[in-house]
Amino acid sequence: MLEGYKAVTVPSEKEKKRQRSLYAQLEAVTDMKFTYVATCQNYGIQKRSGDRRATDILNLMVNNPSLRVAYIDEVEEGEGEKVQKVYYSVLVKALDNLDQEIYRIKLPGTAKIGEGKPENQNHAIIFTRGEALQTIDMNQDNYLEEAFKMRNLLEEFNEDHGVRPPTILGVREHIFTGSVSSLAWFMSNQETSFVTLGQRVLARPLKVRFHYGHPDVFDRIFHITRGGISKASRGINLSEDIFAGFNSTLRRGNITHHEYIQVGKGRDVGLNQISLFEAKVACGNGEQTLSRDIYRLGHRFDFFRMLSCYFTTTGFYVSSMIVVFTVYAFLYGRLYLSLSGLETAIMKVASSKGDDPLKAAMASQSLVQIGFLMALPMVMEMGLERGFRTAIGDMIIMQLQLAPVFFTFSLGTKVHYFGRTILHGGAKYRATGRGFVVRHEKFAENYRMHSRSHFVKALEILILLIAYRIYGSAGAGTTPYMLLSFSMWFLVVSWLFAPFLFNPSGFEWPKMVEDWDDWTKWITSRGGIGVPATKSWESWWEEEQEHLQYTGFVGRYLEIVLSFRFFLYQYGIVYHLNMTNGDTSLIVYALSWLVIVAVMIILKIVSMGRKKFHADFQLMFRLLKLFMFIGCVFTLIILFTFLNLTVRDIFASLLAFIPTGWALLQIAQACRPVVKGLGMWGSVKALARGYEYMMGIVILVPVAILAWFPFVSEFQTRLLFNQAFSRGLQIQRILAGGKKQKQK
């Protein structure tokens, strides 16, 4: 059999030229039954510019004669004196080592009016033939033994699958990138559980399976007459795949899932790639929540199918958001009880009546907070596929390789981008590249990527935990406090340090020095027109506020209301300062705002001084800063001498005023036009830069301390990456050391 297969697949040149050879006959039958169209919008532009990628595409067509490539061609055509751009959908094939045009269809305008990927599919679908259409992504491949099963899969269109015939045949996927690193393994297991066990249950009995990405097989006739296989409106259809499933279900289609055939798939292998992908999916789910498709499905499903649809689409993200909101509500509630004195009164009553039930509730709560239930689908899938002994062993290894840290970090990504999309909209496609990339990411890159989604939120929870530890009475002992807050401390550590734990060479001292130089250069450089966010902090800071520029009144209003929570610290802590002498009048709180006003005045003076003196009169600018420093020291001496200020009060004041400054910063960003009109935007920018400096130092110092110890980097490399990559890192270090020796 194999010899016969080789005779067909590896024919001689003489056999190829014979019209009646077995090879020629099989090629003719295949061309009748099967067409393969690769859609590449930019091929025409690449060809005209002499791009190497155009040559690669041509080589693919030459080596695979059945391959067709569809692209958008832009041509300048003149009507009299008027010249305008005309757009065509073009299909080409290879002939005599050149591309030959088969079809050219004039378009009414540019094809890229919506999201790029669905537009790419929609312009090429007209060049396909037959009754079935399988969509394959660039990061997918197929196997010979699986290709033999395609005839069986296509017969499913004729089988009985309930009341209606199937319109989309779901296919399972095999994730082949799991061996690269621990992150790739986690993603592989998570994705495998979703594309096998998860979709199997969604299809039957829940009947709420949609289209979650390729390689599903579509009933081409059904979909081409009902709007195509992709919805492409910009923003709302960011997750274009699932809208094909929504569309099919709403138009009385039937979506099934089949386990006996699979297609290979490569998943993202680096943390930043994974974060970009999850940010895109979370934004897409936020847009789905606002879409009319979900609204119509909710109205037309029966009760049980409606609940199944909710919990398997947007409901998962809503539940994740509620989990994080619960942490915030719990900590802010406990902090308010502690600072107001209510907690002390409650504990007195509880201790007089016996507080054993309260302690039991705290202990049980801490066990639930560990959150092992999130990993249950993965354990079940690994157990069904490879046996439960193997599944338990793999689960233990995943815990040792810090899987809980990764999944907790992933939770922060989902919640941030889903919440931002619900509040402000403005979801956009985030290109991950899907490259086979495991490289060291610089600190500045990690900071840009995760600052707003993880670092800011983790530092807020950190301040909450510290304040509760200082002023709380319910968790006065170490054990009760740890039972109450263990999972929250784990959340803080995961959100702050996961990007460095999973970063190759993240704890090497030479890399740390390079990262620090790169970050200080980035944060001090000034922005401007055309300066990218990767080169300047100011450009990045402006980009991070884009969602506020396009949001509506409700979005701005909610942003301001949510910022009010930061005022709680100052309102509660100032009454606990030693210098207040137990005074609880409102005047104490009003006087505390003098500190904020003084800081704002100082910032304004520095901002104006930088504009006037920094370029030409550097000595004057330095003298100005010296006088301000002397004034601050003199003020502190007066406070220590006459108003009983203590060192503890200074640290408590920092705990009170730092969140207040952040709240004012957030409100100023939400009210940007007003602040600019008052001429205070420069001061806001100076304050924001100061906060970014502080956050960067707080995050970088613990990582730098660990980088001092060589065994930490060695342990990280051995634990989190596969043997080949670990060996590559070791060789890279040796070569780097050799280069340094030669330079010396």
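These legends walk through several close-up views of a predicted model.

**View 1. A sheet of four strands, with its two edges.**
Let's start with an open sheet built from 4 strands, which line up in the order S1-S2-S3-S4 with mixed pairing. At the edges sit strand S1 (36-39) and strand S4 (98-106), each of which pairs on one side only. Going from one strand to the next, the twist averages 40°.

**View 2. Strand S2 and its two partners.**
Here we zoom in on strand S2. On one side, S1 and S2 run parallel and are joined by 4 bridges. If you want a pair to look for, take valine 37, whose bridge partner in S2 is arginine 68. Strand S2 (residues 67-79) also pairs with strand S3 (residues 82-95), this time in the antiparallel sense and over 11 bridges. Two pairs help you find your way along S2 and S3: glutamate 76 stands opposite lysine 85 in S3, and glutamate 77 has glutamine 84 as its bridge partner in S3. Which helix packs on this sheet? That is helix H6 (residues 116-124), which touches S1, S2 and S3. The direction of H6 makes about 90° with that of S2.

**View 3. Aspartate 96, in the loop between S3 and S4.**
Stay with the same part of the chain and look at the loop between S3 and S4, where aspartate 96 lies. What is the sign of phi at aspartate 96? It is positive, at about 55°, although aspartate 96 is not a glycine. Most residues other than glycine have a negative phi. Is aspartate 96 buried or exposed? Its relative accessibility is 67%, so aspartate 96 counts as exposed, the cut-off being over 50%.

**View 4. A sheet of five strands, with a helix packed on it.**
Now for another open sheet, in which 5 strands follow the order S5-S8-S7-S9-S6, again with mixed pairing. Strand S5 (132-134) and strand S6 (140-141) are the edge strands, each pairing on one side only. Helix H9 (residues 182-203) packs on this sheet and touches S7 and strand S9 (255-265). Between the direction of H9 and that of S9 the angle is about 160°. Strand S7 (residues 168-175) and strand S8 (residues 217-219) run antiparallel, joined by 2 bridges. One spot to pick out is isoleucine 168, which stands opposite phenylalanine 218 in S8.

**View 5. Histidine 211 and what it touches.**
Where is histidine 211? You will find histidine 211 in the loop between H9 and S8. Histidine 211 has a relative accessible area of 1%, so it is buried, for which the cut-off is under 20%. Leaving out residues up to four places away in sequence, histidine 211 touches Thr135, Ile168, Asp216, Phe218, Asp241, Ile242, Ala244 and Gly245. With aspartate 216 there is a polar contact of 2.9 Å between the side chains. As for isoleucine 168, it is 43 residues from histidine 211 in sequence, while their C-alpha atoms are 7.9 Å apart in space.

**View 6. A cis peptide bond at proline 205.**
The loop between H9 and S8 also holds proline 205. Look at the peptide bond from arginine 204 to proline 205: it is cis, with omega near 20°. Most peptide bonds are trans.

**View 7. Serine 505, between two helices.**
Next up is the loop between helix H22 (478-501) and helix H23 (509-524), where serine 505 lies. Serine 505 is a residue other than glycine with a positive phi, near 60°. Is serine 505 buried or exposed? The relative accessibility is 4%, so serine 505 counts as buried.

**View 8. Where helices H24 and H32 cross.**
Last, a pair of helices: the axes of helix H24 (residues 537-544) and helix H32 (residues 681-707) come within 12 Å and cross at roughly 105°. That angle falls in the range from 65 to 115 degrees, so H24 is roughly perpendicular to H32. Which residues meet here? From H24 come Trp537, Glu538, Trp540, Trp541 and Glu542, and from H32 come Trp681, Val684, Lys685, Ala688, Arg689 and Glu692. Sorted by kind, the residues of this contact between H24 and H32 divide into 6 nonpolar, no polar and 5 charged.

Key
Residues numbered from 1 in each chain as written. Predicted model: local features only at pLDDT ≥ 70, side-chain atom pairs only at ≥ 80, totals over all residues. Heavy atoms only, no water. Pairing = 2+ DSSP bridges. Axes fitted to C-alpha atoms, helices over the stretch in contact; angles between N-to-C directions. Contact = heavy atoms within 4.5 Å. Buried < 20%, exposed > 50% of the residue type's maximum accessible area, 1.4 Å probe, protein only. Polar contact = N/O pair within 3.5 Å; in protein donor to acceptor, adjacent residues only side chain to side chain. Parallel < 35°, antiparallel > 145°, perpendicular 65-115°, else oblique. Nonpolar A, V, L, I, M, F, W, Y, C, P; charged D, E, K, R; others polar.
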